[in-house]
Amino acid sequence: MNTIALLMIIFVAFVVLFKNVSFVLVFSPIIKLLFYVKRNYLKGNPGDDPGMNRKGLSVKDRIKGLCSGFAAYYLYRLSYTPSHRLRNFIYRHVCGMNLCKDAVIYYGTEVREPSRITIGRGSIIGDHSILDARNGIVIGENVVFASDVKIWTEQHDHRDPFFRCSTQNHRSVVIDDRAWIGSHTVILHSVHIGEGAVVAAGAVVTHDVPPFTIVAGVPAKKIGERNRDLKYSFTGEHRHFI
């Protein structure tokens, strides 16, 4: 293999592996500005969709839609950036997330409204989770999410003639220290999951879960209790690239 061919292979490999890194670095200043503008000048109800109920959109609504759409695309590209350090730095300093030391967010996690998310020290968010923080998400320390956990703090009102979200009183989702959330779990708005609680895989959580309680099913119901003498702490160790 000649030198030119080898260099071409290295270049292609670099582009494929680091294309999201390049995109994220280039657009980070713009995204930081967009989030600032959105928070301070384009406020509205968290669940509002400016194009859903009106045929004629104002200039403000169109700008808001463009900002939200590009920010969502940026966050998607960020979630597949093969560097935990870079992702965490941008989540904190560009997107405004309150992400504590030694927390881990694995690849493919969809984040909505990152500035309304708090994740405590040592907590681990599994791959391909969804953190819909339009009404806020607070996650304590040493919490473990398996893969594909979905948290929704907004939902449409099926009784409303215009199918809006803003007609309902939705509140933050709060998950206390050392809770364990199983794979493919769905947690709906206004739920408080207590310390050390366990949510079994595939459960749909619609109401609060008391501390050290094990719940399962659709909707989730108590099936047992967990040991209360929990002492483990996570150090932020993670699988590289993902």
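# Exercises on a predicted model

By the distance rule for salt bridges, the count comes to eight. The model is predicted. Each exercise below is followed by a worked solution.

## Exercise 1. A salt bridge between two loops

Task: Find which parts of the chain are tied together by the pair Asp 102 and Arg 121.

Solution:
- Start with the contact. The side chains of Asp 102 and Arg 121 form a salt bridge, 3.3 Å from N to O. The cut-off is 4 Å, so this pair passes.
- Place each partner. Asp 102 sits in the loop between strand E1 (98-99) and strand E2 (104-105). Arg 121 sits in the loop between strand E4 (117-119) and strand E5 (124-125).
- Draw the conclusion. The pair ties together parts that are 19 residues apart in sequence.
- Check exposure. Asp 102 is partly exposed, at 21% relative accessible area. Arg 121 is partly exposed too, at 42%.

## Exercise 2. Sorting salt-bridge partners

Task: Decide whether Arg 159 is buried or exposed, and do the same for Asp 157. Then classify Arg 112 and Glu 110.

Solution:
- Arg 159 and Asp 157 meet through their side chains in a salt bridge of 3.0 Å, N to O.
- Recall the limits. Buried means under 20%, and exposed means over 50%.
- Arg 159 has 62% relative accessibility, so Arg 159 is exposed.
- Asp 157 has 7%, so Asp 157 is buried.
- Turn to the other pair. Arg 112 and Glu 110 form a salt bridge at 2.8 Å, N to O.
- Arg 112, at 29%, is partly exposed. Glu 110, at 33%, is also partly exposed.

## Exercise 3. Backbone angles

Task: Work out what is notable about the backbone at Phe 163, at Ser 190 and from Val 218 to Pro 219.

Solution:
- Begin with the background. Most residues other than glycine have a negative phi, and most peptide bonds are trans.
- Read Phe 163. Its phi is near 55 degrees, a positive value. Phe 163 belongs to the loop between strand E9 (150-152) and strand E10 (173-175). At 38% relative accessibility, Phe 163 is partly exposed.
- Read Ser 190. Its phi is near 70 degrees, again positive. Ser 190 belongs to the loop between strand E12 (186-187) and strand E13 (192-193). At 15%, Ser 190 is buried.
- Read the peptide bond. From Val 218 to Pro 219 the bond is cis, with omega near -10 degrees. Pro 219 is in the loop between strand E16 (213-216) and strand E17 (221-225).

## Exercise 4. The second largest pocket

Task: Find how much space lies in the second largest pocket, and which helix gives the largest share of its lining.

Solution:
- Take the volume. The second largest pocket holds about 260 Å³ of space.
- Look at the lining. There are 13 lining residues, and those closest to the centre are Arg 85, Asn 88, Ala 103, Gly 236 and His 238.
- Trace the source. Helix H3 (residues 84-93) supplies five residues, the largest share of the lining.
- Sort by class. The lining has three nonpolar, five polar and five charged residues.

## Exercise 5. A nonpolar surface patch

Task: Identify which residues form a nonpolar patch on the surface, then place Ile 10.

Solution:
- Name the members. Leu 6, Leu 7 and Ile 10 make up the patch.
- Take the area. Together they have about 280 Å² of accessible area.
- Place Ile 10. Ile 10 lies in helix H1 (residues 3-41).
- Check exposure. Ile 10 is partly exposed, with 48% relative accessible area. Patch members need over 30%, so Ile 10 meets that cut-off.

Key. Residues are numbered from 1 along each chain as its sequence is written. This is a predicted model: local features need pLDDT of at least 70, side-chain atom pairs count only at pLDDT 80 or more; totals for chains, interfaces and linings use all residues. Side-chain values use heavy atoms; hydrogens and water are left out. Patches are made of residues with over 30% relative accessible area and no salt bridge: like charges are joined within 9 Å, nonpolar side chains (Val, Leu, Ile, Met, Phe, Trp, Tyr) within 5 Å. Accessible areas come from the Shrake-Rupley method with a 1.4 Å probe; for residues, only the protein chains shown count as cover. Helices (H or I, at least four residues) and strands (E, at least two) are DSSP runs, numbered from the N terminus. Buried means under 20% relative accessible area, exposed over 50%, partly exposed in between (1.4 Å probe, protein chains only). On a 1 Å grid over the protein atoms alone, a cavity is a set of points where a 1.4 Å probe fits but cannot get out, and a pocket is an open set with protein on both sides within 12 Å along at least five of seven lines; lining residues have an atom within 4 Å of a point. Grid points are joined across faces, edges and corners, and a volume is the space filled by probe spheres set on the points. Ala, Val, Leu, Ile, Met, Phe, Trp, Tyr, Cys and Pro count as nonpolar, Asp, Glu, Lys and Arg as charged, and the others, Gly among them, as polar.
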